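Student: I am new to this structure. Please take me through one part of it closely.

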Amino acid sequence: QVQVVESGGGLVQAGGSLRLSCAASGRTFSSYAMGWFRQAPGKEREFVATIRWSGGNTYYADSVKGRFTISRDNAKNTIYLQMNSLKSEDTAVYYCAASSGYCSGYGCYARQQMYTYWGQGTQVTVSS
């Protein structure tokens, strides 16, 4: 079992920045990658960004590329999502997830099916 807990959400004006954190605990050695997803009101949950524990390879959704940066601290079993130039359409509940499955293809960790463990989510609200 892997537990993940998100933090860092809040209210920010358009154009501002926020940094989300996600701490993983438990059998973290069984996790190959971590990801961030989000769900806006009335919409389905969508992929945001992912990072592999080994090597640090990252992959982003087109909608956040160039504005968001995912990073990791292996020693702390923690990942981060630095969100800059926030837009109103970034408003959503942001979820952190841990994958216990291995895949080698570029972007394969963008699929929600690759993730087994999910956090409770943290609200990000961007006011225009």
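Student: How many salt bridges does the structure hold? Please give a close look at that part, and at the strands around it.

Tutor: This is a predicted model, in which local features need pLDDT of at least 70, side-chain atom pairs count only at pLDDT 80 or more, and totals for chains, interfaces and linings use all residues. Residues are numbered from 1 along each chain as its sequence is written, and side-chain values use heavy atoms, with hydrogens and water left out.

The structure holds four salt bridges. A salt bridge here is a side-chain nitrogen of Lys or Arg within 4 Å of a carboxyl oxygen of Asp or Glu. Side chains of opposite charge can pair when their charged atoms come close.

Start with Asp90. Its side chain meets that of Arg38 in a salt bridge, at 2.9 Å from N to O. This pair links distant parts of the chain: Asp90 lies in the loop between β8 and β9 (92–99), Arg38 lies in strand β4, and 52 residues separate them. Strands, like helices, are DSSP runs numbered from the N terminus: a strand (E) has at least two residues, a helix (H or I) at least four. Is Asp90 buried or exposed? Asp90 counts as buried, because its relative accessibility is 0%. Buried means under 20% relative accessible area, exposed over 50%, and partly exposed in between, with a 1.4 Å probe and protein chains only. Arg38 is buried too, with a relative accessible area of 5%.

Asp90 also forms a salt bridge with Arg67, and here the closest N and O atoms are 2.8 Å apart. Again the pair links distant parts of the chain: Arg67 sits in the loop between β6 and β7, 23 residues from Asp90 in the loop between β8 and β9. Both Arg67 and Asp90 are buried. Salt bridges with shared partners join Arg38, Glu46, Arg67 and Asp90 into one network.

Now take a salt bridge with an exposed partner. Lys65 pairs with Asp62, with the closest N and O atoms 3.0 Å apart. Asp62 counts as exposed, because its relative accessibility is 66%.

Return to Arg38 and its strand. β4 (residues 33–39) runs antiparallel to β5, and six bridges join them. Two strands pair if DSSP finds at least two bridges between them. Phe37 stands opposite Phe47 in β5. The hairpin of β4 and β5 has six residues between the strands, and Gly42 takes a positive phi near 75° there. β5 (residues 46–52) is mostly covered: six of its seven residues are buried.

β5 has another antiparallel partner. Three bridges join β5 to β6 (residues 58–60). Ile51 stands opposite Thr58 in β6. Their hairpin has five residues between the strands, and Gly55 takes a positive phi near 95°.

What of the strands on either side of the Arg67 and Asp90 loops? β7 (residues 68–73) and β8 (residues 78–83) run antiparallel, joined by six bridges. In β8, Ile79 is the bridge partner of Arg72. Four residues lie between β7 and β8 in their hairpin, and Asn77 in the turn has a positive phi of about 50°. β8 also pairs with β3 (residues 18–26), in the antiparallel sense, over six bridges. Leu81 in β8 is the bridge partner of Leu20. Four strands form an open sheet in the order β1-β3-β8-β7, with antiparallel pairing. β1 (2–7) and β7 are its edge strands, and each pairs on one side only.
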